[in-house]
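Subject: Structure for you to look at

Hello,

Here is the structure I promised to pass on. Please open it and keep it beside this email while you read.

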Amino acid sequence: MSKKEQISRRRFLTILGGIPLAGAVLAPTAAMTQFLYPPASLRTPPKPLQVASLSELPVGGLKEFEYNDAPAALVRKSEQEILAFYRKCTHLGCTVIWKPEDKIFFCPCHGGKFDLDGKNIGGPPPKPLIALQVTVDGDKVIVQERSA
Ligand code: FES
């Protein structure tokens with residue numbers, strides 16, 4: 001057996017011996033990651049939040065606000081229909097911008113476009129903006145995350 005083959009065998013055995021060590025390091029790391037970033041099903045949803053009053057939101061009006069530390073928008077499509085979305089692009093997560101002249105939400109990162117319903121209508125975004133549940137209580141417009 002040549003010296004080169006012996007070194008190769010030693011390296012192989014070193015790598016083989018390192019597998020249990022890697023497992024011993026990665027298993028607690030994976031458990032810690034689950035603790036820090038639990039799956040959405042285990043996450044406590046953010047509390048409902050009053051973001052506007054009906055009187056300040058005319059039909060056709062739009063209001064931007066923060067919810068759950070993220071940019072969001074409220075759209076009053078008609079007297080009865082009010083929609084809300086997170087303004088996070090469903091492509092790679094950039095913040096979309098309302099373009100009143102085109103009546104679309106536009107993503108400056110790669111040109112994604114969403115209509116007033118939050119539906120993806122152009123560019124690379126694969127799905128609509130994430131909608132929030134809207135409740136009207138008297139004059140209060142309240143948003144909260146939709147239950148899964
Ligand atoms: S992140 Fe919005 S289009 Fe790419």
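Below is what I found, going from the overall fold down to single residues.

Please keep in mind that this is a predicted model.

**Overall fold**

Start with the elements. The protein has one helix and 10 strands. Read from the N terminus, the order is α-β-β-β-β-β-β-β-β-β-β. The radius of gyration is 25 Å, while the globule rule gives 15 Å for 148 residues, so the protein is more spread out than a compact globule. Along the principal axes, the C-alpha atoms fill a box of roughly 85 × 35 × 20 Å.

Now the surface. The protein exposes about 10,100 Å². Carbon and sulfur atoms supply 59% of that area. Of the 148 residues, 27% count as buried.

Contacts along the chain come next. Take the contacts between residues at least 6 apart in sequence: 39% of them join residues at least 24 apart.

**Two nonpolar cores**

Which residues touch the most other members of the largest nonpolar core? They are Phe65, Tyr67, Leu74, Tyr86, Leu132 and Val143, out of 14 residues in that core. Five strands each supply at least two of its residues: β1 (49-53), β2 (62-67), β3 (70-76), β4 and β10 (140-145). Another core lies apart from this one. That second core has 12 residues, among them Val75, Val96, Trp98 and Phe105.

Leu132 is a good residue to click on. Set aside its neighbours within four places in sequence. Its contacts then include Phe65, Tyr67 and Ala72. Ala84, Phe85, Tyr86 and Val143 are also among them. So are Gln144, Glu145 and Arg146.

**The aromatic rings**

There are three aromatic pairs in the count. One of them joins Phe85 and Phe105. Their ring centres are 6.0 Å apart, the planes meet at 75°, and the pair is edge-to-face. Phe85 lies in strand β4 (residues 82-86) and Phe105 in strand β6 (residues 104-106), so the pair ties together parts that are 20 residues apart in sequence.

Trp98 also pairs with Phe105. Here the centres are 5.0 Å apart and the planes stand at 55°, so this pair is tilted. Together, ring pairs link Phe85, Trp98 and Phe105 into a cluster.

Are these three rings buried or exposed? Trp98 is buried, with a relative accessible area of 18%. Phe85 counts as buried at 3%. Phe105 is buried too, at 0%.

One more ring deserves a look. Lys99 lies over the face of Phe106, at 4.8 Å from the ring centre.

**Two buried residues and their contacts**

Go back to Phe85. Its C-alpha atom is 6.1 Å from that of Leu129, although the two residues are 44 apart along the chain. Neighbours within four places in sequence are again left out here. The contacts of Phe85 include Ala72, Ala73, Val75 and Phe105. Leu116, Asp117 and Gly118 are among them as well. Leu129, Ile130, Ala131 and Leu132 also touch Phe85.

Then find Ile104. This residue lies in strand β6. Ile104 is buried, with a relative accessible area of 10%. Not counting residues up to four places away in sequence, Ile104 touches Ile97, Trp98, Lys99, Lys113, Phe114 and Ile121. Now compare Ile104 with Gly118. They are 14 residues apart in sequence and 8.6 Å apart in space, C-alpha to C-alpha.

**Two loop residues with positive phi**

Most residues other than glycine have a negative phi. Which residues have a positive phi although they are not glycines? Asn68 is one of them, with a phi of about 55°. Asn68 sits in the loop between β2 and β3. It is partly exposed, with a relative accessible area of 36%.

Lys103 also has a positive phi of about 55° and is not a glycine. Look for Lys103 in the loop between β5 (97-99) and β6. Lys103 is exposed, with a relative accessible area of 51%. The cut-off for exposed is over 50%, so Lys103 falls in that class.

**Where to begin**

I would start at the ring cluster of Phe85, Trp98 and Phe105. Then move to Leu132, which belongs to the largest nonpolar core. Finish with the two loops.

Best wishes

Note on methods: Residues are numbered from 1 along each chain as its sequence is written. This is a predicted model: local features need pLDDT of at least 70, side-chain atom pairs count only at pLDDT 80 or more; totals for chains, interfaces and linings use all residues. Side-chain values use heavy atoms; hydrogens and water are left out. Rings of Phe, Tyr and Trp (its six-membered ring) pair if their centres lie within 6.5 Å; planes under 30 degrees apart count as stacked, over 60 as edge-to-face and the rest as tilted. Helices (H or I, at least four residues) and strands (E, at least two) are DSSP runs, numbered from the N terminus. Buried means under 20% relative accessible area, exposed over 50%, partly exposed in between (1.4 Å probe, protein chains only). A charge sits over a ring if NZ of Lys or CZ of Arg is within 6 Å of the ring centre and within 35 degrees of the ring normal. The radius of gyration is taken over C-alpha atoms; the globule rule is 2.2 Å times the number of residues to the power 0.38. Contact means heavy atoms within 4.5 Å. Accessible areas come from the Shrake-Rupley method with a 1.4 Å probe; for residues, only the protein chains shown count as cover. A nonpolar core is a set of buried Ala, Val, Leu, Ile, Met, Phe, Trp, Tyr and Cys residues joined through side-chain atoms within 4.5 Å.
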